[in-house]
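Q: Please take a close look at one part of this structure. Then connect that part to its surroundings.

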Amino acid sequence: MRCYAQAILDSGIPQDNHVVVSGIGCSGRVAGYMKIDSYHTTHGRAIPFAVGLKLANPELTVTVFSGDGDLAAIGGNHLIHAARRNVDISVICANNFNYGMTGGQLGPTTPFGARTTTSPYGSPELPFNLPYLLAASGANFVARWTTIHVRQLKRDILYMFSKPGFSFVEVLVPCPVGFGKMNFIDEGLDEMLLYKERCVIADGIPIDELGIDLRTDQPIYVGRFIDRDLAPYRPVRLEDIE
Amino acid sequence: MTSSGVLTGKHFFQGDEACAEGAIAAGCRFFGGYPITPSTEIAERLAHRFPEIGGVFIQMEDEMGSMAAVLGASAAGARAMTATSGPGFSLMMENIGLAVMMELPCVVVNVQRGSPSTGLPTLPGQSEVMQARWGSHGDYGLAAFSPWSPQEMFDLTIHSFNVADRYRIPILLMADEVVGHMVERVVIPREDQITRWERKRPDPNNKDAFEPFLAEDPDLVPPLAYAGEGYRVHFTGLTHDELGYPDMSAETHHRLVTRLVEKINYNSEKIVQTEDHFMDDARIVVVSYGSTARSARRAVKDARQEGIPVGFLRLVSLWPFPTNQIRELADHVDSFIVAEMNLGQMALEVERHVRRPVTGVHHAGGAMMAPDRILDAIREVANTGYTHLR
Amino acid sequence: MRTEIRLAGFGGQGIGLAGLILGKAVSLYDGLEAVMTQAYGPEARGGASSTNLVVADRPIDYPFVQEADILVTLSQEAYTRFRDEAKPEALVIIDEDLVQPSPQDSCLKVPATKLAEDLGRRIVANVVMLGFLTATTGLVERESIEDAIKSSVRENVLELNMKAFAAGYEYARKLKADQ
């Protein structure tokens, strides 16, 4: 959030033109903490709300700030379709591997085998590899960082503001209460240390290798994975056709 | 067509087409929707027309996304609309509640088909009139209109935008398949004769002191600031205070929800619309709406020919309900008949207000009710001495 | 006055367009009331398709055709399906090359598809029928239909449609004169 706020200040875009849209969840509350135009919508619907805002007023710089559960589970359909259309909005997805606000339930990114209150014996499901999903869906920019990569994260958020089309950054965030405790990571700090030990910056690595498995010593890859220039979405105008 | 793209003159239009043209005439320039029979022609026409006039047409991935996109566009200041039918209407319900809570004006057209579930996609129904009132969770108020002709699909679409803007509420235009698909003459006035009600807007010279959810006027409607105007507003579906920020107290919650409900109650006389005929000496009144009202009017005329003192009341607005008119009628009318294409929804509401059993002429939907059935009910009520029957 | 008209044929014969032109002529140019309804969904695809019009001199309440006063059929299936739903004494017009009516049914016969083929496009058989219907029934003014055609078809096929209308109209006149 700090990175987003700093990026807004550094963006050179008037603060009045920045709009943040969020869904429901811990990170959904971000909209209420920022002194810019902010819309805290229903669970899963931040992206289509943002699409409406952006298309009705293309002057706005629209950022969606929400969690993995909100964006990739209940809002998963909107996520892939907005990326497919390549609507010119930026999405910051805070991934804490669980539903934190409601007390740590299984989410779409919960690693296989990880314990949550609704997977007490370990998750029987395979999680989303979000960068892979977004790349396949057609997003123009896809990156992943953690909360320890402050500098890179801010740089990429800033880049996303000016990047035409759909851009997406996954931010791995610690959730000591909801996720850490159940998985023998005692403190938020420990989860941060885990990121520090295991994260490998690997720009441009094959995206199918970006899955996260906390049970093994497998590295967690972070970096910029996709940066391309597919045509962004534009509403149809007759004068463009004739 | 005028320079702004609004059609004028006489046309032979399908109801759905007339609705699309009404939206354009009302200044609607954003449509986010998902195709669903029998409302699809609205989307199709706007997909064709908006690129000509600078509107935004986007076909969303589902109805939840459609409704959210409409609200986003509304937050950015656009007059925005979607159109759907039963299954999609159900999916929109959560964000219709968000529209109520954020007080974002918008229009949702529901061309009703046979329900529940997938029901009868290509055939008519009127069984979502109670869902229109209570379908989203919680206590709230909104307005719903019921057109009975392609002409009214045009007129009431414009009116829906006006009422939405005036009171900052979602408007549900509850059409049905008969009205949506039938083709009839539609007269479109000159653009300068089309009334547009303006939204209440904040004072741009006093941006810092602006409280986006403070309703200072007696009508309980706060001014609406758009994204990007520099007011730095916060909108949330959570219970919020006058500044718009979440406040999880019972007091704030009660104050907010009460205002949202009272906003409609206070202004209901201005929102309610009915049409009546043959009321002067009526001892029986037939209440109906939408396409069924066409058959009801025919039946009433035929019954008058037979000398039965029967009147005709059409609900142009379904919600808010015309409480005062119905109560007043109940003072000098003996019996009420309600004709509708469902198994008794508005009949309950009429009954609640006239405080006596009403005669329902009901059908689950799938075909427009023929005048004969209503005429039979009128005769039966007349024969039993204007008392009620069940 | 309330006249119920059903135009019926198979998909692709332009039955809907014919109804639209007739309805427009009546309600926009003739000053009468008209409502058009069509069947939608599976029943409208393939098989017998129909377009229904109610024409009246006062506002129309019930918009559907219950018992047609005029039935125009361009296919055998349409005739078979809709003849009994029309009034026994209804005016029935058939494409004589495509419909074999019941022996006791006194229909007006017109080679609409053949006349359209003579003009080079069988697709305008629908408008030939409109010409025939206009001349036979006097339900609607000729100028009104012509105006309605002008506002309903593309520029590049306007002349063809006007010719088709005239062909049907003249055929009816000749038929009358021969009687």
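A: What follows starts in the sheet of chain C, moves to a helix and the core, and ends at the chain contacts.

The model is predicted: local features need pLDDT of at least 70, side-chain atom pairs count only at pLDDT 80 or more, and totals for chains, interfaces and linings use all residues. Residues are numbered from 1 along each chain as its sequence is written, while chains are lettered from A and ligands numbered from 1 in the order in which they are written.

Start with strand β5 of chain C, residues 91-95. Helices (H or I, at least four residues) and strands (E, at least two) are DSSP runs, numbered from the N terminus. Five of the five residues of β5(C) are buried. Buried means 20 or more other C-beta atoms within 10 Å of a residue's own, exposed means 12 or fewer, and partly exposed lies in between, with C-beta atoms placed from the backbone. C:Leu91, C:Ile93 and C:Asp95 point one way from β5(C). C:Val92 and C:Ile94 point the other way. In a regular strand the side chains alternate between the two faces of the sheet.

Now the neighbours of β5(C). Strands pair if DSSP finds at least two bridges between them. Strand β4(C), residues 70-73, pairs with β5(C) in the parallel sense over four bridges. Within that pairing, C:Val72 has C:Ile93 as its bridge partner. The chain runs from β4(C) through helix α2(C), residues 76-82, to β5(C), a right-handed β-α-β crossover. Right-handed here means that, with the strands pointing away from the viewer, the path from the first strand over the helix to the second runs clockwise. Strand β6(C), residues 108-110, is also parallel to β5(C), with three bridges. There, C:Ile93 is partnered by C:Leu108.

Next comes helix α4(C), residues 125-137. Of its 13 residues, 11 are buried. Among them are C:Val127, C:Val128, C:Met129, C:Leu130 and C:Phe132. The expected span of a helix is 1.5 Å times one less than its number of residues. For α4(C) this gives 18 Å, which agrees with the 18 Å between its end C-alpha atoms. C:Gly138 follows α4(C) and has a positive phi, near 65°.

C:Met129 leads on to the core. A nonpolar core is a set of buried Ala, Val, Leu, Ile, Met, Phe, Trp, Tyr and Cys residues joined through C-beta atoms within 7 Å. The largest one has 254 residues, and C:Met129 is one of those with the most contacts inside it, along with A:Leu53, B:Val286 and B:Ile337. Helix α1(C), residues 15-29, gives the largest share of this core, nine residues.

Chain C also touches chain B: 15 residues of chain C are in contact with 17 residues of chain B. Contact means that C-beta atoms, placed from the backbone, lie within 7 Å. On the chain B side, α9(B) supplies the largest share, four residues. That side has eight nonpolar, three polar and six charged residues. Ala, Val, Leu, Ile, Met, Phe, Trp, Tyr, Cys and Pro count as nonpolar, Asp, Glu, Lys and Arg as charged, and the others, Gly among them, as polar. Strands meet here too: β9(B) runs antiparallel to β2(C), residues 33-38, over two bridges. B:Glu184 stands opposite C:Val35.

Last, chains A and B. Their contact takes 32 residues from chain A and 37 from chain B. Helix α3(A) gives the most on the chain A side, eight residues. Strand β2(A) runs parallel to β10(B), joined by three bridges.

Terms used: Two residues are in contact if their C-beta atoms, placed from the backbone, lie within 7 Å.
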